[in-house]
Amino acid sequence: MATKTILIGMDGATFTVLDTLVRPSGAEPPVMPFLGELLSRGASARLRSTPNPLTPPAWVSLMTGRSPGHHGVYDFIRAEEMRDDVFFTLYDARDCRVETIWSIASRQNRRFAALNFPFTAPPNRELNGILVPGFIPWRHLRRNTTPAGFYDRLKSLPDFEAKELAWDFDQEKQSLEQLSDEDREAWVRYHLPRENQWFRIAEFILKEDAPDLLAVLFDGVDKIQHQAWLFLDPSLQPEGPSEYHQRMRSLCLDYFRQLDGFVQTLVEMAPDDVQVLIASDHGFTATTEIVRINQFLAEKGYLAWKEMPDTEAARRREESMFANLDWKATSAYCRTPSSNGITIRINEDGQEGGVPPADYERFRARLKADLESWVDPETGERYIAEIHEREEVFAGPAMDEAPDLLLVLRDHGFVSIKNKTPAVEPREETAGTHHPDGIVIACGPGVQAGRQNEARRIEDVAALVLYSLGLAIPEDFEGQVPSEFFTEEYLQSHPVIEGGVTRSVAGTVTGEAMEEDEKDKLMAQLQMLGYVD
Amino acid sequence: MTIEEEPIAHLLIEIVDDLIQDWGLDLDEPVGVDTLLVADLEFASVDVIQLCVAVEEHYGRKLGFQDLLMHDGSYVQDLALGEMVRFVGKQVSGV
């Protein structure tokens with residue numbers, strides 16, 4: 001058995017940064033020489049992310065070849081509109097409505113290992129492969145790892161440390177917070193050993209199991225760029241950097257240097273004819289202003305803030321990452337900063353605050369017009385560069401769970417949902433935010449060397465993975481194999497084959513199908529997690 | 001504890017032992033029906049949820065744990081494993 005495909009995920013990787021790291025800088029050698037080698041030996045393109053370029057929808061699109069309107073994962077936090085309330089819970093693997101590439105490969109006798117991919121827990125334990133999920137606290141990594149017994153194999157690895165490896169909710173909250181210089185430095189340092197843990201597991205599996213498909217996701221790229229974009233964006237580097245700036249940049253480069261070494265080791269361990277695919281879920285850019293969308297909606301009369309007592313619990317709720325509103329007096333609101341969307345509350349049965357279904361289109365048009373007219377008084381430029389109705393960007397069976405309007409801010413930033421004024425203000429310091437253009441690189445047999453291509457879409461990576469495994473592309477895939485990445489000879493000897501449809505996913509939970517006990521359970525979970533007071 | 005509840009107690013103890021095996025707890029006594037999840041095993045809210053999910057996975061269906069964990073809209077502060085055993089017993093027997 002020999003590994004055919006290595007898929008390396010780099011959360012948030014962008015050519016804006018990588019292009020400079022693969023080249024020498026003055027007398028300094030490249031930070032990522034091996035990635036540079038792969039780029040010269042392989043084909044690459046910018047990779048257009050999902051309409052909201054965010055980890056949950058984007059990685060799920062990459063894992064399924066389907067857009068969010070079909071797979072149904074839109075955000076980290078899932079909301080359920082109730083009569084007089086809104087309940088929040090976390091998305092997980094059960095919310096994905098379509099089959100993943102792990103499942104497609106598994107049922108066609110391809111063994112796989114998928115490491116640190118989000119929304120792979122709870123795992124499908126019937127798959128013929130190894131799943132060590134991302135986004136899971138260390139205490140529950142064993143139970144959410146499959147196959148049974150694999151976690152014990154991990155524990156036998158020298159230096160294996162679950163606490164260092166797994167998702168730490170307290171740590172992750174920091175990625176979008178304004179940190180002190182000291183905390184920001186610690187934040188970057190935290191990700192170096194963490195990525196090393198995932199690399200060691202990938203190395204171990206490649207050596208011991210040699211699955212047909214080895215997929216590992218390094219998510220430190222995203223986390224570091226959120227906090228340290230100022231030190232990485234080539235266009236933001238000052239003439240005379242401070243000592244702190246130099247130290248932070250050096251630390252960030254250490255991270256990328258380490259990552260380059262991980263990629264090199266994994267690729268060199270694999271057989272010579274392995275196909276190497278590298279992809280990110282979105283790119284990165286700079287954000288310079290804070291847009292408090294719910295504050296704007298409050299000023300326009302679309303929502304009302306919930307009055308809270310002066311208690312510690314109330315303060316925690318106010319600082320949480322999802323909206324805390326007077327639902328009876330709210331007709332439109334933004335649920336979470338990461339959603340960059342506005343949800344219209346529908347008045348299905350005469351409850352207070354919602355919009356009657358018959359008024360929906362008129363209401364949404366007025367809301368959209370209000371958002372379009374929100375401009376920078378100094379320049380006349382709209383704060384919200386693009387406003388998409390959900391039919392435009394989330395068409396599909398899962399569209400009902402999407403926000404009614406998707407917003408793209410003029411600097412690509414994420415909105416704030418806090419109850420603070422003013423509704424717009426400059427950030428104290430430039431921060432990193434997601435850009436729609438990520439990366440895709442392919443290298444290996446049949447790939448056209450050194451070819452830079454037109455942008456592809458993130459769903460295409462799923463098709464590319466299946467093609468590299470010699471599998472047919474399901475006919476209901478939205479993603480397509482980027483045939484321009486390959487030589488004519490290779491395509492003739494390895495034609496792209498369209499196969500049957502993907503399999504339906506058992507146990508998919510939808511809002512419409514959710515039973516009362518399930519709703520209660522979600523509420524219970526949220527209260528226990530501290531999401532609901 | 002009734003005769004019917006004994007196998008459930010064994011099951012839940014087994015699940016809890018499996019769940020906490022890597023946590024590095026220094027327990028005075030082995031896990032039993034008198035064990036308190038928070039006070040004795042240092043459970044956080046997410047750990048209680050994971051335990052409930054593990055039990056539900058065993059039975060292959062939802063067991064409505066909210067009725068055990070919530071009283072009058074508030075969460076119980078702690079829970080003995082025996083209380084969970086009795087609850088599961090009622091749920092699976094349909095009583």
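**Exercise 1. Find how much surface chain A exposes in this predicted model, and which atoms supply it.**

Solution. Begin with the total: chain A exposes about 21,300 Å². Carbon and sulfur atoms supply 47% of that area. Then turn from the surface to the interior, where 60% of the 533 residues of chain A count as buried. The chain holds 18 helices and 18 strands, and among its contacts with a separation of 6 or more, 72% are accounted for by residues 24 or more positions apart.

**Exercise 2. Decide where in chain A the coordinates call for caution, using pLDDT.**

Solution. Start with the chain as a whole, for which the mean pLDDT is 90, with 89% of the residues reaching 70 or more. Next look at residues 507–533 of chain A, over which pLDDT stays under 50. The model does have 64 contacts beyond four places in sequence for this stretch. However, where pLDDT is low, the predicted coordinates should not be read in detail.

**Exercise 3. Describe the surroundings of strand S1 of chain A: are its residues buried or exposed, and with which strands does S1(A) pair?**

Solution. First take the covering of the strand, which spans residues 5–10 and is mostly covered, six of its six residues being buried. Then separate the two faces: Thr5(A), Leu7(A) and Gly9(A) point one way, while Ile6(A), Ile8(A) and Met10(A) point the other way, and all are buried.

Now follow the pairing. S1(A) runs parallel to strand S7 of chain A, residues 213–218, with six bridges between them, and in this pair Leu7(A) stands opposite Ala215(A). S1(A) also pairs in the parallel sense with strand S8 of chain A, residues 275–279, over five bridges; here Thr5(A) stands opposite Gln275(A).

**Exercise 4. Work out the order of the four-strand open sheet in chain A, and name its edge strands.**

Solution. The order of the strands is S10-S11-S13-S12, and their pairing is antiparallel. The edge strands are S10 (332–333) and S12 (384–389) of chain A, each of which pairs on one side only. To examine one of these edges, note that S10(A) is joined by two bridges to strand S11 of chain A, residues 341–344, in the antiparallel sense. Within that pair, Ala332(A) stands opposite Ile344(A) in S11(A).

**Exercise 5. Establish how many disulfides the whole structure contains, and how Cys252(A) and Cys334(A) stand with respect to burial.**

Solution. The search over all chains finds zero disulfides. For burial, apply the cut-off of under 20% relative accessible area. Cys252(A) is buried, because its relative accessible area is 0%. Cys334(A) likewise counts as buried, because its relative accessibility is 1%.

**Exercise 6. Judge whether the radius of gyration of chain B agrees or disagrees with that of a compact globule, and outline the build of the chain.**

Solution. A compact globule of 95 residues would have a radius of gyration near 12 Å, and chain B has 13 Å, so the value agrees. The C-alpha trace of chain B spans about 35 × 30 × 25 Å along its principal axes.

As for its elements, chain B has four helices and two strands, which follow one another from the N terminus as α-α-α-β-β-α. Of its 95 residues, 48% are buried, and among contacts between residues at least 6 apart in sequence, 57% join residues at least 24 apart. Finally, chain B exposes about 5,100 Å², of which carbon and sulfur atoms supply 49%.

Definitions and conventions: Residues numbered from 1 in each chain as written. Chains lettered and ligands numbered in written order. Predicted model: local features only at pLDDT ≥ 70, side-chain atom pairs only at ≥ 80, totals over all residues. Heavy atoms only, no water. Buried < 20%, exposed > 50% of the residue type's maximum accessible area, 1.4 Å probe, protein only. Pairing = 2+ DSSP bridges. pLDDT = per-residue confidence, 0-100. Contact = heavy atoms within 4.5 Å. Areas by Shrake-Rupley, 256 points an atom, 1.4 Å probe, with all protein chains shown as cover. Disulfide = S-S within 2.5 Å. Rg over C-alpha atoms; globule rule 2.2 N^0.38 Å.
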